[in-house]
Amino acid sequence: MANYLVIVESPAKAKTINKYLGKNYTVIASMGHMRDLPKSQLGIDMENGYEPRYITIRGKGDLMAKLKKAAKTADKIYLATDPDREGEAISWHLASILELDSKKACRITFNEVTKSAVVASLKAARPIDENLVNAQQARRVLDRIVGYKLSPILWKKVKKGLSAGRVQSVATKLVVDREREIAAFEPKEYWTLTASLLAKGEKKAINARFYGVNGKKKELSSESETVAIKEKVKDSIFTVKSVAYTDKSQQPSPPFTTSTLQQEASRKLGFTSKRTMAAAQQLYEGVTVPGKGTLGLITYMRTDSLRINPDAQNMARSVIASKYGAGFMPKTARNFKTGKNAQDAHEAIRPTVVDIEPETIKGAVSADLYKIYKLIWERFIASQMSNAVYNTMNAEFESGGTLFKASAKTLSFAGYRAVYVDGSEENEEKEIKKLPVLEKGMELSLSELLEEQHFTEPPARYTEAALIKTMEENGIGRPSTYAPTISTILDRGYVARERRMLKPTELGGVVTDIMAENFTDIVDVEFTANMEQQLDNIEEGNEKWQNVIDRFYKPFEKDLKKAEEAISKVELKDEVSDEICEKCGRNMVIKLGRFGKFLACPGFPQCRNAKPILRDTGVKCPKCGGRIVERRSQRGKKYFSCEKAPACDFILWDEPMKTPCPICGGVMTKKYQKRTSMTVCSNPECESNKKEKGKK
């Protein structure tokens, strides 16, 4: 009997596939890459075609020996790593290590880890795709050159420990630029005037907003303008100038791509992109489903395509017909157009077995896996359902030469909304309500006039979801790089997360300015997007990877030489504080670190005293009467504790408020959940908390 060896990346994937194949198959996990560029040196021969020098990753020696031993006794070896550039490169390295002929049929790929897909892939084994490998190799070499050539300059000329990267430098600049746009924003005053109107015999008012005068639109920019309009209409009758009732339909959103999954998981669940992808990875590789064994529950989760397998569409239609009825299913299967920059290598993210509903796995998997699967399943089913239908009304009202407008929308047929509502649509009306009955020429009386002052607001800081969307729209990175890029800029301390918003640190601002002044291309959105296109050209076989590197490196090398001189004048001076070092008596200085400013003794290395800068919240500690101050954990998370810590162990993870609890006198805190905030007493024994628990 023949003996087959199948190599995948992860143990979870190996466990799942092993259950699908017979006893003559051995499935082993490579635990990701076996070889990589050395950490201690550049590892690229800059004089000979940018040839990379790969070495075995430290700690992989025993695993490599195990793979070689298994390969010697195997009649056939299949490399079943992930179906993307990175997976192709891992297979290429494995082929080299195991001395396989990469031009022979040794590579298998599948978009979903199900028995049918795995068995079918064995029959469709192919050679390793050199173009895919070269595209990955080009990205790796580019990123290594940027990181290893730039970082030493920053260490030597600015500050030890600084680093720069290709895609993450652009992402950091986006966050920095947004913060500066917010700081430079000047709010402008404007007013709104709303009339509550009553039709004869009706008790419920219609709210109409001021639009203009004599048929022309007019903005109200001051109180005096608003009062003038108010005086004009306060004693007048409002007449219906025009009214239109129409039915409008709204089609569902397409199934998820990598970026839209990360965006929606952020909006609906508050998940970081890293957390979302970790859960999706497990769902793809395989979990144990009650009554069905181990299988991959979703298709490959790194994709920018909206293409759907027709068999999956038919399965979805069957579920819709049986669960919701034929009226919730369009006459033909719904397809979506993939974006122009998409690679379209894989399907959209969808359930592999559509009739496995989320509730059937609840309790059998972790909460994160259940939530992400539920999101994917509902979005996919909804994408194949009928449009939602709304009854809409748009009316114009005339009074004293002024024009007011009102609109209303009610849901008449739920359609896809019976299953799934996008995070951006969650505040829309969901219940069917009666629209007011109006006719042209009808007169309405004024019950109330409400004027309100407003100010324009600056653009919001990026959330992870918003940053990913911007990166995707501008062609920065690819589905596989969004989450790692955001993790990198957070880990390097260039960006910090505050209540789900991304805020640049001072360190991030300093490095961005240096990069913008000396390495314009590295932080240029268009240049970075063009580089992604060139990597795609390599993958398609239309470009040699060495040529792409060469075109980048020659001007970059000139910039490096210029920067050696220009950056020499840049000096970051430590700000001297009034805080005295309790160990040596010197005035401590304010330094920039990964998580912002901190106090350090200038006597380093003789005196190594350092401590955080504490912000006084103005709230007293309920245990000892000391000040409650703001601190940062080792991972950069904000928390609040007594200034006398560790002697006093009082601690809060939510921001304390100066107004005490009206029931027990304890410290009230502001708790943030999704888009809202609520005040909660920090005392677990307080009656207010007991009442809340009782409600649940």
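Six aromatic residues, Tyr-50, Phe-519, Phe-527, Phe-552, Tyr-553 and Phe-556, are joined by ring pairs into a cluster. Keep in mind that this is a predicted model. Across the structure there are 14 aromatic pairs, and two of the pairs are worth a closer look here.

Start with Tyr-50 and Tyr-553. Their ring centres sit 6.2 Å apart with the planes at 75°, so this one is edge-to-face. Tyr-50 comes from the loop between β4 (44–45) and β5 (51–52), while Tyr-553 belongs to helix α17 (residues 545–566), so the pair ties together parts that are 503 residues apart in sequence. Both Tyr-50 and Tyr-553 are buried.

Now for Phe-527 and Phe-552. The centres of these rings are 6.2 Å apart too, but the planes meet at 40°, so the pair is tilted. Here helix α16 (residues 525–539) supplies Phe-527 and helix α17 supplies Phe-552, and the pair links distant parts of the chain, 25 residues apart. How exposed is Phe-527? With a relative accessible area of 23%, Phe-527 counts as partly exposed. Phe-552, on the other hand, is buried at 4% relative accessibility.

Here are the two pairs in a small table.

| Ring pair | Centre distance | Plane angle | Geometry |
|---|---|---|---|
| Tyr-50 and Tyr-553 | 6.2 Å | 75° | edge-to-face |
| Phe-527 and Phe-552 | 6.2 Å | 40° | tilted |

On to the cysteines. How many disulfides does the structure hold? The count is zero. Cys-581, for one, is in no disulfide, and its nearest cysteine sulfur, the one in Cys-607, is 3.7 Å away. Cys-581 is also buried, at 2% relative accessibility. Why is Cys-601 not bonded to Cys-584? The Cys-584 sulfur is the closest cysteine sulfur to that of Cys-601, yet the separation is 3.3 Å, which is too far for a bond; the cut-off for a disulfide is 2.5 Å between the sulfurs. Cys-601 has a relative accessible area of 2%, so this residue counts as buried.

Another buried spot is Val-118, which is part of helix α4 (residues 115–123). Its relative accessibility is 2%. Which residues does Val-118 touch, leaving aside those up to four places away in sequence? They are Ile-17, Tyr-20, Leu-21 and Phe-110. Take Leu-21 from that list: Val-118 and Leu-21 are 97 residues apart along the chain, and 8.6 Å separates their C-alpha atoms.

Stepping back to the whole chain, you'll find 18 helices and 29 strands. The C-alpha atoms fit a box of roughly 95 × 80 × 55 Å along the principal axes. Of the chain's 696 residues, 47% count as buried. If you take the contacts between residues at least 6 apart in sequence, 65% of them join residues at least 24 apart.

As for the surface, the protein chain exposes about 35,500 Å², with carbon and sulfur atoms supplying 49% of that area. On the charge side, there are 114 positive and 90 negative side chains, and the centres of these two sets are 4 Å apart.

Definitions and conventions
Residues are numbered from 1 along each chain as its sequence is written. This is a predicted model: local features need pLDDT of at least 70, side-chain atom pairs count only at pLDDT 80 or more; totals for chains, interfaces and linings use all residues. Side-chain values use heavy atoms; hydrogens and water are left out. Helices (H or I, at least four residues) and strands (E, at least two) are DSSP runs, numbered from the N terminus. Buried means under 20% relative accessible area, exposed over 50%, partly exposed in between (1.4 Å probe, protein chains only). Contact means heavy atoms within 4.5 Å. Accessible areas come from the Shrake-Rupley method with a 1.4 Å probe; for residues, only the protein chains shown count as cover. Lys and Arg count as positive and Asp and Glu as negative; His and the chain ends are not counted. The place of a charge is taken as NZ of Lys, CZ of Arg, CG of Asp or CD of Glu. Rings of Phe, Tyr and Trp (its six-membered ring) pair if their centres lie within 6.5 Å; planes under 30 degrees apart count as stacked, over 60 as edge-to-face and the rest as tilted.
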